2 protein chains.
Amino acid sequence: MPKVEESRGASVERKDMPGFTLERTAKRMKQFFQQTLAAAGTGITIDQWVVLQVLNQQNGLSQLEIARATYKDAPTITRIIDLLCKKGFTERVTDANDRRKFRIELTAGGRQKIDEVLPIIQHARRKAWDGLGNQQIDQLMDTLNQLFDNLAPEEG
Amino acid sequence: MPKVEESRGASVERKDMPGFTLERTAKRMKQFFQQTLAAAGTGITIDQWVVLQVLNQQNGLSQLEIARATYKDAPTITRIIDLLCKKGFTERVTDANDRRKFRIELTAGGRQKIDEVLPIIQHARRKAWDGLGNQQIDQLMDTLNQLFDNLAPEEG
DNA sequence: TAAAAATAATTGTTATACGAACTAAAAGCA
DNA sequence: TGCTTTTAGTTCGTATAACAATTATTTTTA
């Protein structure tokens with residue numbers, strides 16, 4: 001039974017590694033940005049930031065559109081928008097054409113928060129990817145996307 | 001502003017992509033195994049499975065040792081062990097040498113569950129990694145580990 | 001046009017994640 | 001030995017995540 005990665009933590013068989021490595025790295029990445037946001041006293045979580053950024057690129061999306069853009073589900077978006085509205089960064093505006101929908105709009109405070117947080121995120125991003133070449137990053141993304149497609153839920 | 005990945009979902013700027021891609025793929029991977037376990041009626045979650053597998057490789061670990069091996073924190077392990085014990089797959093055995101500790105031991109039922117679930121996981125794993133070459137997987141793991149090290153929490 | 005189906009959002013339950021505070025026990029040290 | 005610090009585990013509060021069920025509204029269709 002060949003064991004690898006003994007130095008990093010649990011001993012795991014080779015065939016188990018890729019999924020484990022992926023999970024572990026994604027978790028640490030999320031934690032890294034989370035702690036960066038907390039340490040800077042931004043008062044928002046990384047998931048809230050992701051939603052703010054989506055709205056910054058396209059303001060007034062419906063909750064379902066935000067869900068699709070972030071790969072989160074509808075209840076999760078409901079709760080994140082609840083928090084963002086409570087903090088005054090977004091507003092729910094009833095869609096005049098479809099009263100089931102809200103348009104989620106950034107407030108002035110939301111835009112200000114984005115301006116405050118963006119440089120913090122950019123700095124953290126540089127630190128995270130330091131030492132990795134563009135080609136290496138492109139290759140990583142190719143492989144991850146291939147995996148992503150392999151794992152697509154069955155249609156129907 | 002170059003936008004990429006339009007076809008997969010939200011439009012995102014290039015510099016944001018790697019972290020987004022990593023997060024998205026890891027999430028879908030977890031969901032894929034989660035649904036595989038649910039569809040097969042195993043009655044356990046993927047996180048519970050990870051703990052069972054660690055114990056299968058080294059029975060009798062303390063909760064903190066399990067936490068380190070799985071990169072989960074102590075409260076999370078407490079709750080997962082609670083659930084595994086309630087389901088009869090593990091037992092808490094007080095450590096005779098250190099009464100603060102438990103040795104977590106697989107029961108016969110736990111071993112039986114592992115024997116039942118392992119082929120299901122292996123099949124799913126093959127499907128997930130189908131079409132990816134060994135070299136590609138090794139390269140993926142190298143890059144992910146490089147990232148993982150970049151993101152190591154500051155010592156102290 | 002009325003009934004049925006689909007859509008948007010919410011609420012509830014359970015599980016995971018993380019920090020903080022807490023208890024109990026062990027180890028280190030004056 | 002007695003006091004302090006450290007360690008192992010639990011509990012609590014809040015946030016995220018998935019799934020199911022529910023409500024309100026719109027669209028389909030018979």
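**Exercise 1.** In this predicted model, determine how the residues of the surface near DNA strand D divide into nonpolar, polar and charged, and find which element gives the most to that surface.

*Solution.* Sorting the residues of the surface near DNA strand D by character yields seven nonpolar, eight polar and ten charged. Of the 25 residues around this strand, those that come nearest are B:Ser62, B:Gln63, B:Leu64, B:Pro75 and B:Thr78. Two or more residues are given by each of helix H2 (46-57) and helix H4 (74-86) of chain A, and likewise by helix H1 (17-39), helix H3 (63-70) and helix H4 (74-86) of chain B. The element that gives the most is H4(A), with five residues.

**Exercise 2.** Carry out the analysis for DNA strand C, identifying the closest residues and the element with the largest share of the surface.

*Solution.* Around DNA strand C there are 26 residues, of which A:Gln63, A:Leu64, A:Pro75, A:Thr78 and B:Asp47 are the closest. At least two residues each come from H1, H3 and H4 of chain A and from helix H2 (46-57) and H4 of chain B, and the largest share, five residues, belongs to H4(B). By character, the surface near DNA strand C comprises eight nonpolar, eight polar and ten charged residues.

**Exercise 3.** Describe the contact between chain A and chain B, and then the make-up of the side that chain A contributes.

*Solution.* Taking C-beta atoms within 7 Å as the criterion, 42 residues of chain A are in contact with 43 residues of chain B. On the chain A side, H1, H2, H3, helix H5 (108-129) and helix H6 (134-150) give two or more residues each, with H1(A) giving the most, 14 residues. This side divides into 20 nonpolar, 13 polar and nine charged residues.

Definitions and conventions:
Residues numbered from 1 in each chain as written. Chains lettered and ligands numbered in written order. Predicted model: local features only at pLDDT ≥ 70, side-chain atom pairs only at ≥ 80, totals over all residues. Near = placed C-beta within 6 Å. Helix = DSSP H or I, 4+ residues; strand = E, 2+ residues; numbered from the N terminus. Nonpolar A, V, L, I, M, F, W, Y, C, P; charged D, E, K, R; others polar. Contact = placed C-beta atoms within 7 Å.
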